[in-house]
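Trainee: Please take a close look at the ligand site for me. I would also like to know what surrounds it in the chain.

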Amino acid sequence: MEQQLSPGLYIVATPIGNLGDITLRAIDTLRGAAAIACEDTRITGKLLHHLGLEKRMIRYDDHAGENDRARLLALAAEAPVALVSDAGTPLISDPGFRLVRAAREAGIAVTSLPGPSAAVVALTLSGLPSDRFLFAGFLPAKDKARRDTLAELAAVPATLVFYETAPRLDDALAAIGEVLAGREVAVARELTKKFEECRSGPAADLAAHYRAHPPKGEIVLLVGPPVAAPASAADADALLRAELATAKPSQAAARVARATGLDRKMLYARALELK
Ligand code: SAM
């Protein structure tokens, strides 16, 4: 029997690969919705077909503007409207934020149905600390912007979680190896699908592996928290010496500062002494 839903906007998470990962509540809500707002009607059409549903679909993607939102919200004021993305949780590196904000401002009821999101699946699989994490979406495609973003996040005492694409993995690992030197990295690929894998280790080892085995499919990249500050001055010296083998004192100091949280100026002065 069809579920009677009250009018409003329903944010519905959908599978990120394995079609079994849809909740009973998500299915009931899609069945009861008057319309489904989606990024790509072909992709959502396949999910609906799998669920045996035929529904009115309204395109709502990255290019949606004020008029698209106004139209959807006028409908949601009168009837239940579901919002889905191509995969996973809407709004998480996917469209929907402006729509939810506008719905709340307009006094339209908003309900969010929890379900899969690649960031959380990767975090739970990676073996990296999960007590604190920072999800930072996609890293920028350009090298300087990517390195600036990593440097900005370097001191955050948490596991960092990024979405990445296969063609950019090599560049991203190279930047992480330099800007976030010494930290454990994980690559989680094709989550919930047949060729799911999760590899962890130093960025350079992962880069070497994926150069030999070019990755396919979808990727989440994770970086463990900054390593604990060295217990003694001798430990800091050892890290500085290792970096000075390939880098100038200023670079060595910057890398050790990022890895340990120790003061960069103090490390620079020490690097000059050690050089
Ligand atoms: N809203 C989605 C979510 O909640 O996970 C994310 C959408 S974002 C446009 C797409 C990115 O998510 C991909 O480029 C990849 O980085 C990541 N992703 C999605 N599905 C994945 C999967 N099955 N395995 C690994 N990464 C995935």
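Mentor: Here is the ligand site, followed by two residues and the chain as a whole.

This is a predicted model, where local features need pLDDT of at least 70, side-chain atom pairs count only at pLDDT 80 or more, and totals for chains, interfaces and linings use all residues. Residues are numbered from 1 along each chain as its sequence is written, and side-chain values use heavy atoms, with hydrogens and water left out.

Start with the ligand. It has 18 residues around it, each with a heavy atom within 4 Å. Those that come nearest are Asp94, Ser117, Ala118, Tyr163 and Ile219. Next, the polar atoms. A polar backbone atom of Ile16 sits 2.9 Å from a nitrogen atom of the ligand. For Ile92, a polar backbone atom is 2.8 Å from a ligand nitrogen. Ser117 uses its side chain: a polar atom there lies 2.7 Å from a ligand oxygen. Taken alone, the ligand exposes 570 Å², and the protein buries 90% of that. Accessible areas come from the Shrake-Rupley method with a 1.4 Å probe; for residues, only the protein chains shown count as cover.

Ile16 leads on to Thr192. Leaving aside neighbours within four places in sequence, Thr192 is in contact (heavy atoms within 4.5 Å) with Ile16, Gly17, Asn18 and Asp21. The side chain of Thr192 reaches the backbone nitrogen of Asn18 at 3.1 Å. Thr192 itself is in the loop between strand S8 (185-189) and strand S9 (197-201). Strands (E, at least two residues) and helices (H or I, at least four) are DSSP runs, numbered from the N terminus.

Now Asp237. This residue belongs to helix H9 (residues 233-244). Asp237 is buried (under 20% relative accessible area, 1.4 Å probe, protein chains only), at 10%. Its side chain makes a polar contact with the side chain of Arg270 at 2.6 Å. Such a contact is a pair of N or O atoms within 3.5 Å; within protein, one must be able to donate a hydrogen and the other to accept it, and residues adjacent in sequence count only if both atoms are side-chain atoms. Beyond four places in sequence, Asp237 is in contact with Arg270 and Leu274.

Last, the whole chain. It has 11 helices and 10 strands. Of its 275 residues, 45% are buried. Its C-alpha atoms fill a box of roughly 75 × 40 × 30 Å along the principal axes. Among contacts between residues at least 6 apart in sequence, 71% join residues at least 24 apart.

How values were computed: Buried means under 20% relative accessible area, exposed over 50%, partly exposed in between (1.4 Å probe, protein chains only).
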